[in-house]
Amino acid sequence: MPPKAAGPIVTLNYSGYSDADSKHRPSGAQWKECDADWVKKVYLSKVAQKWMEDTGQAEAGKQYQLDKLPPGYEVWEKARNDQRNVDRFCFGHPSHGQGFNSPYDFYPHFEYLMRYEGEEDVCKCRFCSKAGSSARKTTSRSSSKLPASKPKALGIRGRPPLKRGPVDDEGSPDVIMRFLSVLQQEGHIDRKVEERSNMDWRVETVVYKGARRLITTQNSFVPRIGELVLFHRGVDGEVQADPGSGELKVWNAASQSFTGHPEWLGGIVTQVPISEEPVRLKDTTHETPKKHNVNSSGFRVECYPSPNAKDKSFSKQYSYVPLHQIRPMILCAYTLKGIATEDWHPTIQNVMTAMSTVSCVSRYKIKGYWPNFGMFCEAIYLGSEILWAGEPLRLMPRGKETAVIDVIVPDCFVVRVYGLQPEEDGTITGNRAKKIHLLVIGSVYTTDKNSSESCPVQEEDDIPRIMHAYGPWYHKSTSQAKYETGFTHILGRLYELEAMKQWFPNITAPEALDKGMASMRNSRAYATSHRKDHSGAQVGWFWGEDRASALDLATFNGIEIGEYDKEREPKKWREVLAVLDGLKDRVVEPVAEPSSHGDEGSSGGVIAVNRRKSSLAAPPITQEDSDVEGETAGRTGHEIIDVDEYDDVIEGLIAGEGFSTIADPHEEGSSSAGPAAKRARMV
């Protein structure tokens, strides 16, 4: 019978972490580096084939081969005394100068590099498991088979040799620092961001997915978990606008008169109504019939403590309230009209102080060319609100504009970092750079025909439904163009016009589009002049690693979180994840049980409750002027919405160094010929 024909060879580019020590090489003239063809035929083929089979990715009739071994690992050979046989070993293990004696001997360590990227107490190779190893002390697992990984995981070149990968303050692998090392060594990167060894990331991923799904069915005026609001605990009567003064007062039906103002407080939403109790338009101003009591049909709002103080006792005061007892911070000036500042509840000033906070939500990709890169996110918390890609956001007036006329529908949010520099110890963290911007990228529409290119939005353009009532709309440029703008140019979510009419019955669409603009400007001005860091220094805009750190929360739903949580056991969690990942290839579901109170979850919701401090998590933001004209211009398909400056630029991290106005020739869509073009401006 003729031999069976070999199938096509699929080459897999190694993208895993490497812990190799290139000093661990054999000595003696009898040793030489093994022939590359032999290494390809034996090591690269057998290791790749076993990986694909073990992870369930192998396809019938195909053969697999790595493009290289993990960086720093090499196969050497020497002839035996009989000169007829040859011994070959794979060297580079960080703890032992002795090499692996076969592809199958090396494979357990390869699995460890691919899956756990430097995590301690995981690898089961004979060197790592050896008693007394100075590099690792391992524990047994119930299974040595690792979960499946998509072939894409082997699609990007690996990082340089390291003794041990960088970790965050809790010992979890610092994925971003590792990516930045890849960027520095390879010159470019385009990777999906995953932190599978981090329990916080596992939980947040499931929660964010649920929150992202929820906004497709929920009205934008409905408060979301983690948002800051004004609320009152109830009044004897009904809160209405006084026709004479325009102030929100308590109407007493028995006496047919207004009896004063409600006692407003500032708080943070920690629970939302259960899915069986959908929020309707009339809920914004009146009590409506509900099947369940307010604990299930209403919102749980905790009083917000000062982000500048250590005393967080206000968080212990909470109330379950219906929607009509809540007002968004965008309507702060209107809600508090007629109430003297000295009569405000202290929590209102606390909320005002937090209006200059920003944090990223669900970062999913890193892409760039050295020394620049972008970190892409699905959403951001900006001041009082969470803003998701795909939902229309109002833009602040610019230039000669006096009212809000523009809306952006984001494709994504991106942290752009320019001019990375190493720390004093030589590591690349992402926190030292010439410029760091948080940008919103998407399609811009305007209600002002004269400020556009007279390109009306057509029915087939499929703009978000909420925008229809505010039209007619025009494309700011061509329908294919994308704009990017700094985060401080975002006013907030666009609320349904019907909801605005519930609060303001006689309001017109243009007035509703502009409503709250002056209030938001005043709130941000107050916050940037009052927000302080832990040292007591004024910081202006405060960039938190997550919502919990941005607001300096100690508890959420009565549970200690962030740096205030003294019972965290991250090492134990990593061990649990390692065991579970050896048994099944899916996110640990017990930690992601849906909450009985609201689809976004009742314990943490879309609040990030971790206290890890990974790289590029919270660079210090200052409100500074900067001439950054042209640094990203020339990008195909992007027109820049900014005028002369970003007011959210972070600079001065490297004293005395300016920023080049020459476009990076490697930047996607940019030209390498000469200076960058001027920004397209909206004026």
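This note sets out numbered points on the predicted model shown above.

1. **Overall content.** The protein has 683 residues, of which 55% count as buried. Its secondary structure consists of 12 helices and 28 strands. Among contacts with a separation of 6 or more, 73% join residues 24 or more positions apart. The accessible surface comes to about 30000 Å², and carbon and sulfur atoms contribute 49% of that area.

2. **Confidence.** The mean pLDDT of the protein is 76, and 75% of the residues reach 70 or more. Among the elements, S7 has the highest mean pLDDT, at 97, whereas strand S28 (residues 638–640) has the lowest, at 37. Over residues 131–164 the pLDDT is below 50, and this stretch nevertheless has 111 contacts in the model beyond near neighbours in sequence. A second such stretch covers residues 599–683, where pLDDT stays under 50 and the model has 268 contacts beyond four places in sequence. Where pLDDT is low, the predicted coordinates should not be read in detail.

3. **The five-stranded sheet.** Which strands make up the open sheet of 5 strands, and in what order? The order is S13-S12-S11-S7-S14, with antiparallel pairing. Strand S13 (318–321) and strand S14 (326–328) are the edge strands, each pairing on one side only. On average, neighbouring strands of this sheet are turned by 45° against each other, with direction ignored. Strand S7 (residues 228–231) pairs with S14 in the antiparallel sense over 3 bridges. Phenylalanine 231 has isoleucine 326, in S14, as its bridge partner.

4. **Helix H7 across the sheet.** Helix H7 (residues 346–353) lies across S7, strand S11 (265–271) and strand S12 (299–303), and runs at about 70° to S11. Is this helix enclosed or open? Of the 8 residues of H7, 6 are buried, so the helix is largely enclosed by the rest of the structure. The buried residues are Thr347, Ile348, Asn350, Val351, Met352 and Thr353. Their cover includes the strands S7, S11 and S12, together with helix H6 (332–335) and helix H10 (517–530).

5. **The S16–S17 hairpin.** Strand S16 (residues 372–382) and S17 pair in the antiparallel sense over 4 bridges. Within this pairing, alanine 379 stands opposite tryptophan 388 in S17. The hairpin has 2 residues between the strands, and glycine 383 takes a positive phi near 65°. Strand S17 (residues 385–388) is covered on both faces: Glu385 and Leu387 are buried on one side, and Ile386 and Trp388 are buried on the other.

6. **Valine 361 and its surroundings.** Valine 361 lies in strand S15 (residues 357–369). The relative accessible area of valine 361 is 1%, so this residue counts as buried, the cut-off being under 20%. Beyond residues up to four places away in sequence, valine 361 touches Tyr208, Cys377, Glu378, Ala379, Ile380, Tyr381, Ile386 and Trp388. Ala379 and Trp388, which stand opposite each other in the hairpin, are thus among the residues that valine 361 touches. Tyrosine 381 is 20 residues from valine 361 in sequence, and the two C-alpha atoms are 7.2 Å apart.

7. **Strand S6 beside S15.** S6 and S15 pair in the antiparallel sense over 5 bridges. Histidine 188 stands opposite tyrosine 369 in S15. Strand S6 (residues 188–192) has a covered face, with Ile189 and Arg191, and an uncovered face, with His188, Asp190 and Lys192. S17, by contrast, is covered on both faces.

8. **Aromatic pairs.** The whole structure holds 17 aromatic pairs. In one of them, the rings of phenylalanine 100 and phenylalanine 127 have their centres 4.8 Å apart and their planes at 45°, so the pair is tilted. The pair links distant parts of the chain, 27 residues apart: phenylalanine 100 is in the loop between strand S5 (86–91) and helix H2 (103–116), and phenylalanine 127 is in the loop between H2 and helix H3 (175–186). Both partners are buried: phenylalanine 100 has 0% relative accessibility, and phenylalanine 127 has 3%. Both also belong to one aromatic cluster, formed by Tyr14, Trp51, Tyr73, Phe100, Phe106, Tyr107, Phe110 and Phe127.

Definitions and conventions. Residues numbered from 1 in each chain as written. Predicted model: local features only at pLDDT ≥ 70, side-chain atom pairs only at ≥ 80, totals over all residues. Heavy atoms only, no water. Buried < 20%, exposed > 50% of the residue type's maximum accessible area, 1.4 Å probe, protein only. Contact = heavy atoms within 4.5 Å. Areas by Shrake-Rupley, 256 points an atom, 1.4 Å probe, with all protein chains shown as cover. Pairing = 2+ DSSP bridges. Axes fitted to C-alpha atoms, helices over the stretch in contact; angles between N-to-C directions. pLDDT = per-residue confidence, 0-100. Phe/Tyr/Trp six-rings, centres within 6.5 Å; stacked < 30°, edge-to-face > 60°.
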